[in-house]
Amino acid sequence: MRRDVVTSILAIVVLTVLLGLVYPLVITGVSQVAFPGNANGQKVYVNGKLVGSKIIGQAFVKPVIAKNGKPEEKEGEVVTEPDPRYFQSRPSATEGGAYNAAASTFSNRGPNDKATEKADAENIKSYLELEKPYDPGLTTAQIPVDAVNTSASNLDPEISPANARIQAHRVAAKRQLALGVVDGLVSKYTASRGLGFSGEPGVNVLELNLALDRLGAGA
Amino acid sequence: MTVSGWATIVLFALILTALALPLGSYMAKVYSGERVFLTPVFGWPERALYRVLRVDPEREQGWKSYAKSLLIFSLAGWLLLYLILRTQNAFYVPHGVNPLGYHSAPWNVTFNTVSSFVTNTNWQFYSGETTMSYLSQMIGLTVQNWLSAGVGIVVAVALIRGIVGRSGKSLGNFWQDLVRTILYVLAPISVIGAIVLVSQGVIQNLSTYLTAHTLTGLTQSIAMGPTASQLSIKMLGTNGGGFFNVNSAHPFENPTAFTNLFEMLLVLILPAALVFTYGRMTGNRRQGFAIYGAMMAMFLGAVVVAYIAEAHGSPAQHAAGLHTHAIAGSGGGNMEGKEQRFGIAGSALFDVVTTVTSCGAVNSAIESFTGIGGAVPFANLSASETIFGGVGTGLYSILLYVLLAVFIGGLMVGRTPEWLGKKLEAKEIKLAGLGILITPLAALFATALAVATRSGRASISELGKGPQGFSESLYAYLSQSNNNGSAFAGYTGFIQPNAGNVGSHGVTFADVLGGLVMLFARFGPILFTLAVAGALVGKRITPAGLGTMRTDNPTFVVLLIGVIILVGALTFFPALLLGPVVQGLTGHLY
């Protein structure tokens with residue numbers, strides 16, 4: 001008994017130092033030397049300013065300006081609307097505004113819940129309102145599921161290629177670019193399946209939007 | 001459903017088997033005390049640890065002595081972790097390891113969290129990035145990821161020694177088994193795993209949270225931290241507790257489809273390899289192959305059902321007018337609560353991998369799975385970790401079922417049951433039966449209590465109406481009793497108005513009941529397993545005769561699967577009908 005107690009106390013202290021300090025700090029050291037970009041979150045800078053992480057989704061929305069010239073607020077939060085010049089990320093339901101990367105959360109919408117149906121129907125409506133003027137043939141049946149359903153992390157950096165192709169009509173019109181140019185960028189920033197067979201192809205929305213901005217700046 | 005989806009599933013099973021075979025042989029050598037290729041590297045640290053810990057590795061322990069060491073060690077770990085988590089912002093904690101100045105969670109949530117990590121469950125009522133300091137994650141949670149995994153494995157090893165033991169009472173030495181598990185098995189794979197994960201985009205730093213200025217002029221705060229080191233052992237040890245709240249769905253915790261595959265391999269590699277270790281150590285590798293066959297058959301069955309159900313889409317999607325079949329440029333299916341980069345197949349496979357084992361990691365929201373797709377994790381948990389199961393836990397769980405199957409087979413042919421040359425008698429069967437029953441009993445009693453009382457129903461989420469609310473409660477206690485840790489995440493035991501625990505409080509009923517269920521359903525079966533090992537180890541081995549029922553042929557595999565499904569179905573079917581099955585079969589909206 002006594003022997004086990006002494007060994008247990010020694011073991012838990014020694015192993016905590018080895019596995020809780022030495023192990024994570026060694027991994028941190030190796031990672032910071034060998035893969036500093038990845039280890040620090042693949043930060044993206046524009047003109048020296050941090051604009052986000054390449055693999056964390058963000059909202060491409062702007063504040064709605066009320067008649068008095070100030071940003072409109074509802075229940076203490078600034079009301080936003082999609083910025084039509086940019087490709088839009090998937091719907092996100094993180095607390096404190098969409099794409100809050102300091103507090104990831106599941107939406108936990110059940111498969112047989114009326115609330116889920118309602119959320120889906122609202123997202124379909126906003127998607128059609130935003131895209132249909134620029135893609136007149138668009139019907140509900142053609143909307144890809146990822147454009148309506150929230151992701152698991154609510155921080156998904158990608159959208160499906162089908163979703164991007166539909167949005168390309170709007171972005172091309174708003175930026176006065178040929179559709180072919182925007183479609184070309186979509187193809188360029190579409191990642192193929194992992195190892196060629198695993199997962200789904202996806203378009204990185206932040207990278208695509210940055211490329212569009214660069215195109216505008218160069219022209 | 002797509003060709004690439006099915007290809008992912010088939011290739012995963014093949015790669016897993018190919019890696020598990022050699023690892024299983026390697027582990028058999030480690031636990032038999034033979035020299036392995038890592039002995040030159042770890043030989044001297046191993047001896048140094050014995051000296052520091054004042055352990056005599058040659059001291060042989062009977063089952064009671066082995067159990068005593070295990071329990072006292074786990075208790076010491078429990079107390080230290082509680083202390084660490086409750087003094088998260090004490091004056092002596094340097095700012096650099098708690099950059100956001102997070103306070104400690106209240107006692108009830110901490111009781112739940114500590115019990116959860118010490119029992120290899122990793123059920124999480126808390127959210128990593130809004131409650132835990134980097135120091136708590138490192139010296140608290142990461143350490144128990146290692147140790148609880150080690151404890152599970154040594155119990156399986158002790159049981160194997162009991163089965164094959166030829167004389168005497170010894171099951172080996174707990175401390176020697178634990179040190180060898182950490183050094184020769186967990187450490188090399190975990191270190192390599194962490195580096196591979198960082199090379200693919202998982203973060204590993206001690207920076208404070210980033211503030212980004214987005215393209216449209218908003219600000220975005222982005223959580224950081226030492227993720228890869230915890231992630232690697234969380235998967236390898238079938239722990240499953242995410243660094244971030246959304247676990248392996250977070251892009252920093254699972255950035256690509258490749259890391260998704262890699263993480264799934266980390267989860268299953270040890271449970272799969274241990275089956276082959278068992279075959280090796282019994283001296284008849286076919287014993288291992290038979291069990292592996294039974295596990296793999298049930299595993300693939302579960303994957304197929306989950307994939308088909310999720311690809312079909314949910315009633316809510318269809319009612320809203322969405323078309324869920326695959327079209328050019330979109331895989332379709334139930335993408336609510338799923339990430340684009342994994343798609344339906346990568347999410348369904350991950351879900352099955354982590355619910356057949358005791359790894360509660362998730363890469364998609366299980367609560368948003370369709371009725372039938374969500375019934376799959378329920379069914380996996382109902383099998384009580386016999387389909388691969390947790391590290392060590394899985395092997396000793398299925399071996400108890402093997403004992404039961406041999407007994408039932410013996411009754412059918414009217415002979416005294418024999419297993420690997422040892423006669424099974426009333427004592428072993430009683431102990432194994434009790435060991436098997438504890439987990440389901442804990443799950444069902446706790447669920448009944450939780451749905452029948454007001455304080456229990458307080459945990460059901462606002463959205464969880466009708467069968468969904470029942471599913472949330474049942475899943476919570478099923479997951480905690482199986483030491484799994486995945487969740488229908490709407491079920492809550494912790495209210496936190498602001499990040500950092502200021503003004504937060506726990507839901508005492510759910511926190512305490514859950515914590516007790518985890519402790520009871522972890523250490524109860526461990527004690528019965530060690531007792532079975534102790535009862536078997538002294539038995540004489542008689543050579544197999546003509547009438548001996550073989551435990552290494554397809555007939556036995558079918559019998560074993562039958563027993564597992566029978567026990568699981570008889571125990572849980574009535575409860576499952578009320579939740580996921582009703583949703584899956586009716587398509588009704590609540």
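**Figure 1. N108 of chain A counts as buried, with 27 C-beta neighbours inside 10 Å.** This view, like those that follow, comes from a predicted model. The cut-off for being buried is 20 or more other C-beta atoms within 10 Å, so N108(A), with its 27, belongs in that class. Look for N108(A) in the loop between β6 (80-82) and α3 of chain A. Its backbone deserves a second glance: N108(A) is not a glycine, yet its phi is positive, about 55°. Most residues other than glycine have a negative phi.

**Figure 2. N154(A) is another asparagine with a positive phi, here about 60°.** Follow chain A to the loop between α3 and β7, and you will find N154(A) there. Is N154(A) buried or exposed? N154(A) counts as buried, because 30 C-beta neighbours lie inside 10 Å.

**Figure 3. Helix α4 of chain A bends by about 35° at Q167(A).** Try tracing this helix from end to end: α4(A) has 15 residues, and the distance from its first C-alpha to its last is 20 Å. That is close to the 21 Å expected at 1.5 Å a residue. How many of the 15 residues of α4(A) are buried? The number is 11, so α4(A) is largely enclosed by the rest of the structure. Among the buried residues are P161(A), N163(A), R165(A), H169(A) and V171(A), and Q167(A), the site of the bend, is buried too. Just after the helix comes Q176(A), with a positive phi of about 55°.

**Figure 4. Three strands of chain A form an open sheet in the order β7-β9-β8.** The pairing is antiparallel. In general, strands of a sheet pair through backbone hydrogen bonds. Which strands stand at the edges? They are β7 and β8 (190-191) of chain A; each has a single partner strand, so one side of each is left without a neighbour in the sheet. Now zoom in on β8(A) and β9 (residues 202-204) of chain A, which are joined by 2 bridges. In one of these pairings, T190(A) has V203(A) of β9(A) as its bridge partner.

**Figure 5. Chains A and B meet at a contact that takes 95 residues from chain A and 113 residues from chain B.** Several elements of chain A give two or more residues to the side that touches chain B, including α1 (2-34), α3 (114-131), α4 (161-175) and α6 (205-218). Which element gives the most? That is α1(A), with 22 residues. Sorted by character, the residues on the chain A side divide into 46 nonpolar, 33 polar and 16 charged.

**Figure 6. The largest nonpolar core has 236 residues.** Those with the most contacts inside this core are L159(B), V352(B), Y401(B), L403(B), V532(B) and L560(B). Helix α6 (residues 134-164) of chain B supplies the largest share of the core, 19 residues. Take V532(B) as a starting point for exploring: leaving aside residues up to four places away in sequence, V532(B) touches L159(B), G162(B), L400(B), E428(B), L431(B), A432(B) and G435(B).

**Figure 7. Helix α2 of chain B runs over residues 39-52.** With 14 residues, α2(B) reaches 19 Å from its first C-alpha to its last. The span expected at 1.5 Å a residue is 20 Å, and the two values are close. After the helix comes R54(B), where phi is positive, near 55°.

Key
Residues numbered from 1 in each chain as written. Chains lettered and ligands numbered in written order. Predicted model: local features only at pLDDT ≥ 70, side-chain atom pairs only at ≥ 80, totals over all residues. Contact = placed C-beta atoms within 7 Å. Helix = DSSP H or I, 4+ residues; strand = E, 2+ residues; numbered from the N terminus. Nonpolar A, V, L, I, M, F, W, Y, C, P; charged D, E, K, R; others polar. Expected span 1.5 Å × (residues − 1). Bend = angle between axes of the 7 residues up to and from the residue. Buried ≥ 20, exposed ≤ 12 C-beta atoms within 10 Å, placed from the backbone. Pairing = 2+ DSSP bridges. Core = buried A, V, L, I, M, F, W, Y, C linked by C-beta atoms within 7 Å.
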